[in-house]
Amino acid sequence: MSSPPPHHHEPRTVRRNFVCHCFEGGLYMGGMAFLSPDAVLPKMVDTLGGQFAVVAMMPVLMTAAFAISQLFSVPVVERLPRLKPWVLTFGSLQRLPYLVTGLLLLFGQSLGDKLLTIVVLTPVVSGLIGGIGVVAWMEMVTRMIPERRRASGWAARYIIQALIGIAAGPVIHWILTSRGGTDGYAMLHLIAFVFLALSFCSQMPMREHLAPPHVLPVPPQPYFAYLASLPRLLLTTPHLGKLVCARFTGMGYLMLLGFLTKHALDVTQRPEADEGFFVTFGQIGTILGSVLAGWWGNRSGGKVLLITSRVICIAVCCWASVVSSYAAFLAAFFAVGFGLFVDRVGDLTLAAELCPIGRRLTLQAILGLATGIALLTAGWLGGQIFSHTLSISAVAAAGAAMAVISIVILRRIPEPRHASMSESVYSAPSVGES
């Protein structure tokens, strides 16, 4: 009996890729919930004696490092015939720092003050390595996941993350209650690494689609010539510069988050272990925000999600600066989780559809660099405002003002689906699989 044509198997391959994509991200981000950059890491650094400026940077360090290192790998990745080997190599290396740090916190008590430096550098090193691989990963999954399912794919990853994160809250509380100090934080690093390893294994069954036949390889050129060509490329791509500005001004959440846990525990006089429940409520918000974003984004695209997330940011900034009860702060973390993941689904969806296919890798890297700079700026600005005022209200007011500016910019970007600006990668049959 003759074998059926290859395209008969494509739906099964797409489904498998979709499921693996969802679990890879869900397990990775779910593992990172045990070291939540929004709730756990800032308080961890504060406990270990870090300065306000360092505490303020903890929610953004890993994401910023991811973003900034992307441009170093794009000229190579654009010429790779296969992306999956590159993704797996750097994906394994980016996970190792959490194992090393967990072991050093557990057995390296003699390191003293150096432990603070190690904790701070862990997300930086992981992010820099991950950023080298993330441009290939983003292109690989954009080819794998049809346009009509991209928003729901991102949302599903965040829902899996949130389910793990809900369980992480009580575990964090128990660990920090029974094994406080560096031992407790060591256990959180090691638990996170186990989930990161499972995430890596989830990538293994994915089948890679080759680039569409009409997309020609980018010819090699000197690296500095490549860098010199980037501003013109960005300026000649419709509306992408506006998205960069919208990202840069949409960091109000992250200005606030560096100090929200510390402020909440100080105001309510709750023990440090109670930060675990902030993680839980944030993850419940993530589930609901991701469900809404996946459904709404599939129907309407990413722009409306980004505007919605900015409106929520303004509400959170106003709310968090005036409340004083523990229940009210739990509600604030719920709203942060909801709004942040509406933002992330919308941002990933809109960026993928604004970038022309032929130079999508480079344009995604430029967007990533802009995001990294914006993240560092938001963390630095939040730290400076808090250091000079010791007021969460001042930080929140600045974050809300930035969100308003971001909404104004986003309203000037047409939704790609409505304007017919982008064409799905899957408009033509896939030309090959690994």
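A residue counts as buried when its relative accessible area is under 20%, as exposed when that value is over 50%, and as partly exposed in between. With that in hand, let us walk through this structure, which is a predicted model.

A good place to begin is with the aromatic rings. A pair of aromatic rings is described by the distance of the centres and the angle of the planes. Across the whole structure, a search turns up 6 aromatic pairs. Take Phe259 and Phe386: their ring centres are 4.2 Å apart and their planes meet at 15 degrees, so this pair is stacked. Helix H12 (residues 252-268) holds Phe259, while helix H16 (residues 360-389) holds Phe386, so the pair ties together parts that are 127 residues apart in sequence. Both Phe259 and Phe386 are buried.

Another stacked aromatic pair is made by Phe278 and Phe333, with 4.4 Å from centre to centre and 10 degrees between the planes. Here the link runs between helix H13 (residues 275-300), home of Phe278, and helix H15 (residues 326-354), home of Phe333, so parts that are 55 residues apart in sequence are tied together. Phe278 has a relative accessibility of 1%, and therefore counts as buried. Phe333 is buried too, with a relative accessible area of 4%. Tyr326 joins these two rings, and Phe278, Tyr326 and Phe333 form one aromatic cluster.

Tyr326 also leads us to a charged neighbour. The charged end of Arg270 sits over the ring of Tyr326, at 3.9 Å from the ring centre. Arg270 has a second partner, Asp274: their side chains meet in a salt bridge, with 2.8 Å from N to O. How exposed are these two partners, Arg270 and Asp274? Arg270 counts as partly exposed because its relative accessibility is 36%, whereas Asp274 is buried, with a relative accessible area of 5%. An arginine is also placed over a ring at Phe341, where the charged end of Arg344 sits 4.6 Å from the ring centre.

The salt bridge of Arg270 and Asp274 brings us to charged pairs. Side chains of opposite charge can pair when their charged atoms come close. How many salt bridges does the structure hold? There are 8 salt bridges in the structure. In one of them, the side chains of Arg143 and Glu139 meet with an N to O distance of 3.0 Å. Arg143 and Glu139 both belong to helix H7 (residues 114-144), where they are 4 residues apart, about one turn of the helix. Arg143 is buried, and Glu139 is buried as well.

Back in helix H12, Asp266 and Lys262 form a salt bridge, and their closest N and O atoms are 3.5 Å apart. These two residues are separated by about one helical turn, because they are 4 residues apart in helix H12. Asp266 is partly exposed, with a relative accessible area of 40%. Lys262, in contrast, is buried at 19%; that value falls in the buried class because the limit is under 20%. Elsewhere, Glu24, Arg95 and Arg157 are linked in a network of salt bridges.

Now let us look at how helices H14 and H15 meet. Leu306 is part of helix H14 (residues 303-320), and with a relative accessible area of 1% it is buried. What does Leu306 touch, beyond residues up to four places away in sequence? Its contacts are Leu243, Asp343, Gly346, Asp347, Leu350 and Leu410. The C-alpha atoms of Leu306 and Thr349 are separated by 9.9 Å, although these residues are 43 residues apart along the chain.

One of those contacts, Asp343, lies in helix H15. Asp343 is buried, with a relative accessible area of 14%. Leaving aside neighbours within four places in sequence, Asp343 is in contact with Leu306, Ser309 and Arg310.

Our last stop is on the surface. There, Phe281, Ile284 and Leu288 form a nonpolar patch, and together they have about 230 Å² of accessible area. Leu288 is found in helix H13, the helix that also holds Phe278. While Phe278 is buried at 1% relative accessibility, Leu288 is partly exposed, with a relative accessible area of 44%.

Notes:
Residues are numbered from 1 along each chain as its sequence is written. This is a predicted model: local features need pLDDT of at least 70, side-chain atom pairs count only at pLDDT 80 or more; totals for chains, interfaces and linings use all residues. Side-chain values use heavy atoms; hydrogens and water are left out. Rings of Phe, Tyr and Trp (its six-membered ring) pair if their centres lie within 6.5 Å; planes under 30 degrees apart count as stacked, over 60 as edge-to-face and the rest as tilted. Buried means under 20% relative accessible area, exposed over 50%, partly exposed in between (1.4 Å probe, protein chains only). A charge sits over a ring if NZ of Lys or CZ of Arg is within 6 Å of the ring centre and within 35 degrees of the ring normal. Contact means heavy atoms within 4.5 Å. Patches are made of residues with over 30% relative accessible area and no salt bridge: like charges are joined within 9 Å, nonpolar side chains (Val, Leu, Ile, Met, Phe, Trp, Tyr) within 5 Å. Accessible areas come from the Shrake-Rupley method with a 1.4 Å probe; for residues, only the protein chains shown count as cover. A salt bridge is a side-chain nitrogen of Lys or Arg within 4 Å of a carboxyl oxygen of Asp or Glu.
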